[in-house]
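Please look at the structure shown here and work through some questions about helix packing and one residue's surroundings.

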Amino acid sequence: MKSLDEASASSPTSEELLQASLTLLSTLPSPSSSPLRRKFPSITTSTTRLLSSLPSLPLTTPLALPLLASLVDTLTRLHSLGSCPPTGKLQLQSELSACASALELLASDADLLVCSEDGSSDGDLISRLQVGPISSRLAALDSLLSDQSATSASSLQSAVPSLLKLLEPSASLEAREKATSAFAKLCSLSATSSHDIITSNEVGPILLTHLSRLLDSGTTGTGPSILTENVCTVLQTLTLIRENAVALASRGGVGPLLEICQAGTPSAQASAAGVLKNLARIETLKNYFVEENAIVILINICELGTPNAKNNIIGCLCNLAGPTEEESQDLKIRLFKDGVLECVKGFLDLEIQDDEGNWDLESGICLVRQLASFRYIAEIITNNGFIPYITSALDDVKSSVRIEAALALAELASTGKVIKEICESIPKLVKMLENKIPKEREAGAKALAHLMPVSGYRRIFRKDEGGIVNVVQLLDPLTRDVERKYPVSILLSLSQSRKCRKQMVAAGACGYLRGSLVIEVEGAKKLLECLGRGRILGVFPRV
């Protein structure tokens with residue numbers, strides 16, 4: 001058996017070190033007759049694992065040689081402690097503990113090399129991320145980050161446990177920066193599996209904790225800009241999960257994110273605004289925005305930011321303005337007083353001037369809709385030139401934009417004013433009733449239900465030959481996912497006209513309404529009585 005000094009002097013091969021390791025493992029002193037007995041349970045567990053994995057160790061991998069050299073060194077030290085222990089008890093216990101910990105780590109590294117060896121370069125990279133000194137791990141991570149092949153996604157997914165270790169507070173800033181870059185790359189991949197791994201219960205909370213520490217420490221504000229961008233990119237994905245969003249806001253994340261929005265690079269600014277947009281979706285987190293005076297900051301940034309930043313900021317303000325319940329009106333008033341209408345109007349102006357589709361029109365129209373649910377603000381919106389933006393959005397190629405535009409018209413109908421642009425949009429709303437998408441049909445029906453009480457809009461609607469037929473078809477039980485109260489309200493508003501009543505009966509409204517009575521749709525009974533007797537509420541005579 002070669003001693004460690006002899007092995008080092010002659011630069012032993014992996015095969016020689018493996019043989020030396022197996023010999024040293026099989027000749028460890030008996031615990032009953034040596035000082036090893038106190039640490040024997042943990043040492044035995046590690047040596048058993050090593051005896052099992054070493055025969056299968058892939059000696060061709062570059063990681064095998066340093067692992068076996070460290071193992072021979074540790075085992076030689078254990079032999080020395082067993083035969084010639086130091087006189088001091090504390091020194092003996094300290095050295096035994098160090099050897100036991102080293103053996104446990106080496107056993108884990110050996111297991112990893114055996115399990116991960118698949119003969120591929122990717123498998124070797126993953127092994128290098130898990131085994132060896134920090135310099136070797138960072139070099140492996142560099143190789144993984146520079147890989148643009150299709151296999152890089154699966155490699156990164158396999159490396160997640162190792163990447164989490166590189167994000168620990170004890171790791172260097174360089175290690176944390178590179179690990180964050182790897183997670184940001186995972187987030188940028190279109191593969192659903194990558195997002196699922198990052199947001200999983202096993203990874204998400206730990207990753208969020210590490211990234212929150214980076215935000216709390218101010219590292220992202222003073223360090224390289226790429227670190228700030230990557231942290232915000234990963235947080236954007238993480239905060240799509242409600243629990244993660246709540247945890248980040250509770251840790252004081254809103255303030256640092258606002259600072260990044262103000263002083264970060266354009267990419268970091270956009271990503272930080274995206275995180276804030278995710279946080280603003282949750283009702284219980286909106287107080288954090290109020291405490292940080294976020295509304296004024298976001299409105300100011302929106303005037304100067306990039307298209308991506310503007311889109312996310314408008315989306316954030318939209319989430320802050322919703323929902324439309326009574327208890328949310330105070331926040332709508334705060335938004336209004338801080339100048340959000342001027343902000344969103346400028347945003348919509350830019351959208352009209354741009355032909356490349358850089359602007360998120362849906363969020364802009366949604367913000368107008370949320371604000372319009374407050375009657376006073378709705379009046380101001382109507383009187384300040386917002387209607388053309390909304391009515392033109394009914395022609396958008398995206399269904400979600402058309403839906404938001406129709407819902408916004410439903411809110412603005414509360415003013416009771418007849419507006420030329422809305423009159424011209426009535427046929428578009430009627431056309432929406434034929435759409436195959438249930439949400440779009442319902443949005444069109446809701447808008448018409450709110451507009452029909454105004455006589456000027458009823459007159460325009462009656463000119464559309466297919467209007468009443470389309471509305472009646474929404475009462476068909478086969479037409480699902482559309483609330484029947486909206487078509488019933490439309491027909492009830494139109495039922496004062498004899499011609500309209502005839503069209504309703506001819507389209508089969510009476511049969512559908514009897515079915516509606518069973519589920520107690522509001523207004524269905526009144527409308528059925530009107531169609532059956534030619535009266536509405538017993539006031540209007542049969543004509």
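The questions and answers below concern this predicted model.

Q: At what angle do helix 19 and helix 20 pack, and how are they oriented to each other?
A: The axes of helix 19 (residues 294-302) and helix 20 lie 9 Å apart, at an angle of about 150°. Angles over 145 degrees count as roughly antiparallel. Helix 19 is therefore, relative to helix 20, roughly antiparallel.

Q: Which class of residue makes up the contact of helix 19 with helix 20?
A: Helix 19 contributes Ile295, Leu298, Ile299, Ile301 and Cys302, and helix 20 contributes Lys310, Ile313, Ile314, Cys316, Leu317 and Leu320. One residue of this contact is charged and none is polar. The other class has ten residues and is nonpolar.

Q: How are helix 20 and helix 21 oriented to each other?
A: The axes of helix 20 (residues 307-321) and helix 21 (residues 329-337) come within 8 Å and cross at roughly 140°. An angle over 145 degrees would count as roughly antiparallel, and 65 to 115 as roughly perpendicular. The crossing fits neither range, so the two helices are oblique.

Q: Is Arg49 buried, partly exposed or exposed?
A: Arg49 belongs to helix 3 (residues 40-53). Its relative accessible area is 29%. Buried means under 20% and exposed over 50%, so Arg49 is partly exposed.

Q: Which residues does Arg49 contact, leaving aside neighbours within four places in sequence?
A: The C-alpha atom of Arg49 is separated by 8.7 Å from that of Ala110, 61 residues apart along the chain. With neighbours within four places set aside, the contacts of Arg49 are Glu104, Ala107, Ser108 and Asp111.

How values were computed:
Residues numbered from 1 in each chain as written. Predicted model: local features only at pLDDT ≥ 70, side-chain atom pairs only at ≥ 80, totals over all residues. Heavy atoms only, no water. Axes fitted to C-alpha atoms, helices over the stretch in contact; angles between N-to-C directions. Helix = DSSP H or I, 4+ residues; strand = E, 2+ residues; numbered from the N terminus. Parallel < 35°, antiparallel > 145°, perpendicular 65-115°, else oblique. Buried < 20%, exposed > 50% of the residue type's maximum accessible area, 1.4 Å probe, protein only. Contact = heavy atoms within 4.5 Å. Nonpolar A, V, L, I, M, F, W, Y, C, P; charged D, E, K, R; others polar.
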